[in-house]
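This report describes the cores, one helix, one hairpin and the salt bridges of the model shown here.

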Amino acid sequence: MFRTPLESIIRQQAETERTQQEISTGVKKSALDKDPSAGRRVSDLERKLADGEQFAANTSAVTSRLGTVENSLESAINLLQRVRELTVMSLNGSLGTGQRTAVATEVRALNEQLLAIANRRNASGEYIFAGTRSDAAPFSGTGASIAYNGGTSEREIRIDDSTVVKDGFTGLRTFMEVPRGNGYFSTSAASTNAGTAVADGGVITNATSWNGSTGDFRIVFTVSGNTRTYEVQTDSGAALNPPVTGSYQSGQAITFLGAQVTVQGDPANGDTFSIVRSSGSNQYQSVFATIDRQLNVLETPVTTAVKAAQQTTDLGNILQQIDQALSNLGSVRSESGARLRVVEQSEEFREDEKLDVQETLSELRDVDLAAALGRLNAQMTALQVAQQAYARIASRSLFDYL
């Protein structure tokens with residue numbers, strides 16, 4: 001008689017305390033205790049929300065870093081555009097020595113600014129063009145001897161369950177690995193040329209034919225009286241098979257093995273223009289080496305028409321190389337923008353998913369406050385009844401039953 005109401009009181013007290021705890025915490029613990037699968041589901045959803053918070057932090061970091069990269073690339077492109085303008089200006093044969101010196105001074109200052117951009121840090125103090133070695137300056141040296149010391153791979157950051165984004169670029173790819181010449185070959189005038197002929201950078205008319213050939217080439221001119229002819233040879237001086245020869249006319253394209261080079265002006269007997277394949281050690285030329293070469297050309301005195309022609313060829317090739325550098329920077333910038341779009345899309349998806357998870361979690365875990373308060377009132381009433389019943393039983397003795 002004593003044990004039954006006492007057990008009822010204890011049970012009612014436990015249920016009342018559980019309901020009070022649910023009201024204070026907002027978590028319907030009793031339902032989760034009775035349904036282990038729901039408890040596991042809640043645990044999984046809470047872990048997913050925690051992962052989402054970490055992904056959000058990663059996304060914020062990637063967005064900041066790529067934003068710094070984007071701004072730096074824009075600055076680098078603007079600087080290089082100015083270098084290009086000065087190169088075009090330098091192709092004007094009427095520039096005097098003082099004007100050429102002034103151009104060289106500005107180009108040198110622009111090159112120093114470009115190097116500073118290449119060694120720029122983000123808000124966290126990391127070098128943005130150092131790849132995975134972001135704790136040390138990626139570029140060192142001066143002029144053509146500027147070297148890249150950073151990492152050769154890019155750091156990857158996970159921004160959601162299925163997406164990994166690279167948060168920067170290597171300086172190797174951005175500033176050093178600029179395709180040489182037109183991407184297939186580059187041209188240059190021999191230092192021994194005695195005429196005033198100028199060669200352009202050349203183009204590829206048939207990539208299959210060019211790629212099917214091997215080695216480097218040269219165009220050699222023969223002048224005898226009023227007769228001027230050319231022959232395309234291997235770099236060792238051997239004739240091609242079949243031979244490529246013809247009568248030279250200024251401004252007429254010389255075509256061979258899928259390549260085309262246009263020569264203008266008056267060549268002297270024996271004048272030579274080299275066509276060096278863009279492969280192996282000649283595949284790339286850093287933007288810093290290109291600008292250093294431009295400075296050397298600008299600071300070399302132009303004393304004769306022959307030297308003027310040689311420098312025009314050099315500056316034309318430098319202009320082509322600057323265009324390649326601009327194209328390379330533009331490509332890197334486009335990829336940076338594409339990465340930012342991926343990050344933005346991932347962030348939008350994650351926010352939508354977060355709302356779904358929170359809604360599901362609320363249904364499984366959160367207490368219906370009105371229902372819980374009603375249940376608490378009922379439990380308190382039942383507890384009071386049980387206590388009163390026990391009090392009446394406890395007040396009786398054996399004599400009440402005799």
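## Salt bridges, cores and a hairpin

Arg65 is buried, with a relative accessible area of 17%; buried means under 20% relative accessible area, exposed over 50%, and partly exposed in between, with a 1.4 Å probe and protein chains only. The model is predicted, so local features need pLDDT of at least 70 and side-chain atom pairs count only at pLDDT 80 or more, while totals for chains, interfaces and linings use all residues. Residues are numbered from 1 along each chain as its sequence is written, and side-chain values use heavy atoms, with hydrogens and water left out.

The partner of Arg65 in a salt bridge is Glu126, and Glu126 is buried too, at 16% relative accessible area. A salt bridge here is a side-chain nitrogen of Lys or Arg within 4 Å of a carboxyl oxygen of Asp or Glu. Arg65 lies in helix H3, and Glu126 in the loop between H4 and strand S1 (139–140). Helices (H or I, at least four residues) and strands (E, at least two) are DSSP runs, numbered from the N terminus.

The structure holds 17 salt bridges. Three of them are listed below.

| Pair | Closest N and O atoms | Separation in sequence |
|---|---|---|
| Glu126 and Arg65 | 3.5 Å | 61 residues |
| Glu106 and Arg82 | 2.7 Å | 24 residues |
| Arg173 and Glu335 | 2.4 Å | 162 residues |

Glu106 in helix H4 and Arg82 in helix H3 link distant parts of the chain. Glu106 counts as partly exposed at 29% relative accessibility, and Arg82 counts as partly exposed at 28%. Arg173 in helix H5 and Glu335 in helix H8 also link distant parts of the chain. Arg173 has a relative accessible area of 25% and is partly exposed; Glu335 is partly exposed at 28%. Both belong to a network of salt bridges that also links Glu154, Lys166 and Arg339.

The largest nonpolar core has 37 residues, and those with the most contacts inside it are Leu80, Leu114, Phe139, Phe175, Val287 and Phe288. Such a core is a set of buried Ala, Val, Leu, Ile, Met, Phe, Trp, Tyr and Cys residues joined through side-chain atoms within 4.5 Å. Two or more residues of this core come from each of helix H3 (36–90), helix H4 (97–118), helix H5 (171–176), helix H7 (287–298) and helix H8 (305–365). H3 supplies the largest share, eight residues. A second, separate core of 20 residues includes Phe185, Tyr230, Val232 and Val263.

Phe139 touches, among others, Leu115, Ile146, Tyr148, Phe175, Met176 and Phe288, not counting residues up to four places away in sequence. Contact means heavy atoms within 4.5 Å.

Helix H7 is largely enclosed by the rest of the structure, because ten of its twelve residues are buried. Among the buried residues of H7 are Val287, Phe288, Asp292 and Gln294. The twelve residues of H7 should span 16 Å at 1.5 Å a residue, and its end C-alpha atoms are 17 Å apart, which agrees. The expected span is 1.5 Å times one less than the number of residues.

Strand S11 (residues 253–256) has Ile254 and Phe256 on a covered face, and Ala253 and Thr255 on an uncovered one. In a regular strand the side chains alternate between the two faces of the sheet. S11 runs antiparallel to strand S12 (residues 259–264), joined by four bridges; strands pair if DSSP finds at least two bridges between them. Ile254 has Val261 in S12 as its bridge partner. The two strands form a hairpin with two residues between them, and Leu257 in the turn has a positive phi of about 50°.
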